[in-house]
Amino acid sequence: MSSKPIRDICDIDAVVEGRARLSPTQAIELYRHASIHDLGAWSTAAADRMHGNLVRTYVIDRNVNYTNVCSAKCTFCAFRRDDGEADAYVLSKDELKQKIGELAAIGGTQVLLQGGMHPDLPIAFYEDMLGWLGEEFPQIHLHAFSPPEFVEFAAVFELEGFPAPGAKKAGDMPREVFVEKLRVIMKRLRDAGLKSLPGGGGEILVEHVRRRIGSTKATGEQWLDVMRVAHELGMFTSSTMMFGHIEGVADRVMHMAMIREAQDAAMREQLPGRYVSFISWPFQPDNTPLGRAAQFDIEAGQPFAGDALADAVFAGAVDPEDRAACKAAAPEAGREVRLAGATEYLRMQALSRLFFDNIHSIGASWVTMGPKIGQLGLSFGANDMGSVMMEENVVSAAGTTYCLNEAEICRLIRDAGYTPTQRDNTYDFIKVHESTGPDLEVTDWSAHRPATSAFAQPDSENKVELTISEAVEY
Ligand code: SF4
């Protein structure tokens with residue numbers, strides 16, 4: 001980090017006070033030149049302006065991965081299985097009932113349902129699952145299916161009025177057909193009980209990065225199209241970013257700018273749905289093919305090739321769709337990962353709060369960063385601690401597992417200087433724990449230490465070799 005005066009980059013007071021919008025160029029400069037302390041102070045001031053300085057929120061929900069069978073092969077994933085593998089599964093109704101029953105028993109309000117992108121389940125399976133869950137648990141909000149799953153749905157569902165699925169790739173159909181099919185599917189699932197969409201699968205929306213990390217399950221354009229249709233149909237969605245791999249800083253800012261522009265359009269056109277939140281986290285490398293790529297040595301003082309390519313794309317000098325031009329601009333880009341630790345995470349999250357003047361909530365990512373760093377996130381622009389974690393399968397498969405119950409999450413919020421407050425999916429308050437709270441009922445904290453079981457399985461049978469495939473190589 002060098003020390004360009006902040007006043008030469010932007011009027012930071014105006015940004016913090018909501019009188020000016022940070023441009024993408026300013027955001028990149030700010031990230032490169034501002035100290036972590038300043039980013040923390042500015043983003044906290046911005047969060048206080050938007051949310052007050054008394055209350056910070058959490059939600060009680062449960063991640064339920066209804067299947068781990070997945071047709072995609074993301075290089076950063078350790079969760080997926082092929083159909084027929086010994087530990088491949090699709091949850092039965094009895095298993096769903098048990099999991100969501102446990103959630104309801106602790107006062108949960110929401111379930112996050114996400115797969116694998118199962119190539120063989122028909123739309124009737126999903127309609128039946130949603131309808132049945134709605135009848136069994138009418139009090140539980142069904143937050144389900146991230147954009148890549150919808151892309152898969154559009155590719156594999158047989159629907160009247162649309163060509164029969166052939167090559168099984170949504171990208172093989174014209175965009176207008178894809179969007180129309182998406183609209184039909186989403187309406188049917190909404191009518192069956194779907195209430196809102198999670199923002200998973202965003203990773204980095206810029207195409208040259210997606211190609212290289214094997215995130216071909218949904219292009220950046222398709223990811224945004226899914227969310228746009230959800231907003232048109234009146235559903236709220238979240239948005240996400242997974243960084244700290246091959247991308248440059250400018251790629252992260254371009255990713256955020258794509259979401260901010262989409263939100264601008266939704267607001268301008270007064271669509272009934274919106275993005276309500278943004279959450280970012282560093283890539284977790286264990287047990288993933290991408291994690292076995294060479295690691296960039298920050299200490300060596302050399303420039304990171306991912307930054308060179310990102311800067312060229314950002315400047316408009318290289319078309320991110322043009323593989324040859326990308327390769328010529330930065331031949332080494334994509335061959336090394338620059339992992340992000342706590343400092344990078346906090347800086348990035350703070351920047352996101354300053355950048356997103358049109359998104360309500362910034363969530364702290366304690367699931368990947370651990371409870372203490374997640375708590376620190378409340379001093380770096382986050383207003384929400386996310387969910388009490390009863391179950392997590394995807395990130396834990398990549399080597400990071402943290403679980404917090406309601407008392408623990410409340411204590412983290414209270415110890416950070418705020419009143420813990422349970423919210424619902426739309427960020428309305430359910431319960432403000434002013435002088436009471438689950439944490440204040442705990443007399444012995446020795447049994448409440450958050451479980452931390454980061455692990456590595458170098459000899460795991462599930463190990464997948466990193467291959468430079470067509471999707472990865474320019
Ligand atoms: S990240 Fe999701 S879509 Fe990609 S391989 Fe894993 S389960 Fe499939």
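**View 1. Strand S1 pairs with strand S2 in this predicted model.** Five bridges join S1 to S2, residues 110–114. The two strands run parallel. Val64 marks one point along this pairing: its bridge partner in S2 is Leu113. S1 itself covers residues 55–65. Nine of its eleven residues are buried, and the strand is mostly covered. In a regular strand, side chains alternate between the two faces of the sheet.

**View 2. Strand S1 also pairs with S10 and S12.** S10 spans residues 384–389 and pairs with S1 in the parallel sense. Four bridges make up that pairing. Look for Thr57, whose bridge partner in S10 is Asp384. S12 spans residues 419–423. S12 and S1 run parallel too, joined by four bridges. Here Val55 stands opposite Thr419 of S12.

**View 3. Helix H3 packs obliquely against helix H13.** H3 holds residues 36–51, and H13 holds residues 342–355. Their axes come within 9 Å and cross at roughly 40°. That angle is neither under 35 degrees nor in the range 65 to 115, so the pair counts as oblique. The crossing is left-handed. On the H3 side, the contact is made by Ile36, Leu39, Gly40, Trp42, Ser43, Ala46 and Ala47. On the H13 side stand Thr343, Leu346, Arg347, Ala350, Leu351, Arg353 and Leu354. By class, the contact residues are nine nonpolar, three polar and two charged.

**View 4. Helix H7 meets helix H9 in a right-handed crossing.** Two packed helices are described by the angle between their axes and the distance between the axes. For H7 (residues 175–192) and H9 (residues 220–232), the angle is about 50° and the axes are 10 Å apart. The two helices are therefore oblique to each other. H7 contributes Val179, Leu182, Arg183 and Met186 to the contact. H9 contributes Asp225, Val226, Val229 and Ala230. The classes here are six nonpolar, no polar and two charged residues.

**View 5. Glu203 has a positive phi in a buried setting.** Most residues other than glycine have a negative phi. Glu203 is not a glycine, yet its phi is near 40°. The residue sits in the loop between strand S4 (196–197) and helix H8 (207–212). Is Glu203 buried or exposed? With 26 other C-beta atoms within 10 Å, Glu203 is buried, because the count reaches the cut-off of 20 or more.

**View 6. Gln270 has a positive phi in an exposed setting.** Gln270 has a phi of about 55° although it is not a glycine. Its loop lies between helix H10 (249–268) and strand S6 (275–282). Gln270 has 6 other C-beta atoms within 10 Å, so it counts as exposed under the cut-off of 12 or fewer.

**View 7. The whole protein gives the setting for the close-ups.** The secondary structure comes to 17 helices and 14 strands. Of the 474 residues in the protein, 49% are buried. How much of the contact network joins residues 24 or more positions apart? Such residues account for 80% of the contacts with a separation of 6 or more.

How values were computed: Residues are numbered from 1 along each chain as its sequence is written. This is a predicted model: local features need pLDDT of at least 70, side-chain atom pairs count only at pLDDT 80 or more; totals for chains, interfaces and linings use all residues. Axes are lines fitted to C-alpha atoms, for helices over the stretch in contact, and angles run from 0 to 180 degrees between N-to-C directions. Angles under 35 degrees count as roughly parallel, over 145 as roughly antiparallel, 65 to 115 as roughly perpendicular and the rest as oblique. A crossing is left-handed if the near helix is turned anticlockwise from the far one by less than a right angle, and right-handed if clockwise. Two residues are in contact if their C-beta atoms, placed from the backbone, lie within 7 Å. Ala, Val, Leu, Ile, Met, Phe, Trp, Tyr, Cys and Pro count as nonpolar, Asp, Glu, Lys and Arg as charged, and the others, Gly among them, as polar. Two strands pair if DSSP finds at least two bridges between them.
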